[in-house]
Amino acid sequence: MTKKQLESSLLLGLTAFIWGIAFVAQKSGARDVGPLTFSASRYFLGAIAILPCAYFFSEKKMPTAKRRLSLLAGSLCGALLFVASFLQQIGIQQTTVGKAGFITTLYIIIIPLIGLLFKQQVAKHVWFSVLLALVGMYLLCLTDGRVNIQSGDVYVFFCAIGFACQILIIDYFLPKVDPIYFAITQFFVAGLIALIFLPFFEPLDFSGIMSAKVSILYAGVISAGIGYTMQIIAQKHVQPVLASMIMSLEAVFSLLAGFLILGDRLSSRELLGCLLVFVAIIFAQLPIDKIKQKIGKRNLAGRFD
């Protein structure tokens with residue numbers, strides 16, 4: 001591993017740490033403001049935080065077609081980001097930070113399953129990961145010998161599906177658009193949609209916003225703005241499999257943050273469930289077929305040595 005790759009890997013680890021702590025900010029902010037108010041405030045701040053990056057990282061003379069595509073793709077992903085984060089913000093009020101972190105990270109397993117709808121093959125080890133994740137979720141939702149699925153867990157699970165769809169669309173458009181221009185549009189649209197729905201479902205409580213200002217600032221500026229920017233910078237120098245593995249540590253950091261900051265407690269059974277989900281997430285990302293091919297080539301080469 002080169003020095004640049006090592007630095008980028010550490011930067012991705014810091015990004016995962018920032019995102020893990022963001023679950024605490026969301027949980028704390030939910031005590032003072034509604035999910036729409038939190039989402040609107042957070043993503044407008046995220047868009048503003050990234051604006052200076054456009055000067056340093058965006059193309060100086062961007063073609064009109066690319067700019068329009070960046071706007072279109074950013075708007076589409078912004079709508080999905082709103083749906084996913086809105087569901088997450090509702091769910092996190094009714095479950096622990098640690099459980100929310102692990103359930104959200106299931107998007108890594110959900111992504112290849114969505115591929116089935118487009119007739120894409122799913123590797124055998126991914127199916128094993130799905131089974132392992134289901135066992136982990138069962139342990140997380142088991143209470144007094146019975147499965148007790150809290151409404152918050154359901155909201156967060158559907159949030160994971162929303163993030164999976166968003167990531168698939170990002171993966172399709174990102175090579176064709178300007179990433180910073182795309183990110184600004186995505187955050188602005190997510191905040192705008194939340195603001196449009198806000199008057200119909202929540203009172204605009206400025207005193208609540210002031211009470212939640214630290215949580216909103218962290219989730220908007222640090223988690224969305226700085227976190228996303230660091231991901232863009234670092235991921236260029238790290239292989240996709242390793243990058244996704246590092247960023248999935250977000251779930252572990254959310255569990256630790258919930259325990260250390262909010263005093264959340266999970267039983268040994270729930271901790272085992274978290275461990276199984278985490279192992280499933282890591283295993284699903286391993287390029288098993290490539291590893292087998294490399295082993296096969298080495299064995300074949302050894303026969304002729």
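1. The expected span of a helix is 1.5 Å times one less than its number of residues. In this predicted model, helix α13 covers residues 268-285, and its 18 residues should therefore span 26 Å. The C-alpha atoms at its two ends are 26 Å apart, in agreement with that expectation.

2. The chain as a whole contains 14 helices and 2 strands. Its radius of gyration is 20 Å, close to the 19 Å given by the globule rule for 305 residues, so the chain is as compact as a globular protein of that length. The C-alpha trace spans about 75 × 60 × 40 Å along its principal axes. Of the 305 residues, 50% are buried. Among contacts between residues at least 6 apart in sequence, 91% join residues at least 24 apart.

3. Which residues of α13 are buried? They are Glu270, Gly273, Cys274, Leu276, Val277, Phe278, Ala280, Ile281, Ala284 and Gln285. The general geometry is relevant to reading such a list: an α-helix has 3.6 residues a turn, so residues three or four places apart point the same way.

4. Valine 277 belongs to helix α13. Its relative accessible area is 0%, and because buried means under 20%, valine 277 is classed as buried. Leaving aside neighbours within four places in sequence, valine 277 is in contact with Phe102, Leu106, Ala133, Gly136, Met137 and Leu140. Arginine 68, by comparison, lies 209 residues from valine 277 in sequence and 39 Å from it in space, C-alpha to C-alpha.

5. Phe102, one of the contacts of valine 277, is also among the buried residues of helix α4. In that helix, residues 97-104, 8 of the 8 residues are buried, so α4 is largely enclosed by the rest of the structure. The buried residues are Val97, Gly98, Lys99, Ala100, Gly101, Phe102, Ile103 and Thr104; Lys99 is thus included in the buried set.

6. The second largest pocket holds about 310 Å³ of space. Its lining comprises 16 residues, and those nearest its centre are Leu106, Ala133, Leu134, Met137 and Phe157. Two or more lining residues come from each of α5 (107-114), α6 (124-140) and α7 (151-173). The largest share, 5 residues, is contributed by α6. What is the chemical character of the lining, nonpolar, polar or charged? It divides into 15 nonpolar residues, no polar residues and 1 charged residue. Leu106, Ala133 and Met137 are named both among the residues nearest the pocket centre and among the contacts of valine 277.

7. Threonine 185 is located in helix α8, residues 179-201. Is threonine 185 buried or exposed? With a relative accessibility of 9%, threonine 185 counts as buried. Not counting residues up to four places away in sequence, threonine 185 touches Ser70, Leu71, Gly74 and Ser75. These four contacts carry numbers within 64-91, the residue range of helix α3.

8. Lysine 66 is placed in α3. Its relative accessible area is 22%; since partly exposed covers the range between 20% and 50%, lysine 66 is partly exposed. Beyond residues up to four places away in sequence, lysine 66 touches Glu59, Lys176, Val177 and Asp178. One of these contacts, lysine 176, is 110 residues from lysine 66 in sequence, yet the C-alpha atoms of the two are 7.1 Å apart in space.

Key:
Residues numbered from 1 in each chain as written. Predicted model: local features only at pLDDT ≥ 70, side-chain atom pairs only at ≥ 80, totals over all residues. Heavy atoms only, no water. 1 Å grid on protein atoms, 1.4 Å probe; cavity = no way out; pocket = protein on both sides within 12 Å on 5 of 7 lines; lining within 4 Å. Points joined across faces, edges and corners; volume = space filled by probe spheres on them. Nonpolar A, V, L, I, M, F, W, Y, C, P; charged D, E, K, R; others polar. Buried < 20%, exposed > 50% of the residue type's maximum accessible area, 1.4 Å probe, protein only. Rg over C-alpha atoms; globule rule 2.2 N^0.38 Å. Contact = heavy atoms within 4.5 Å.
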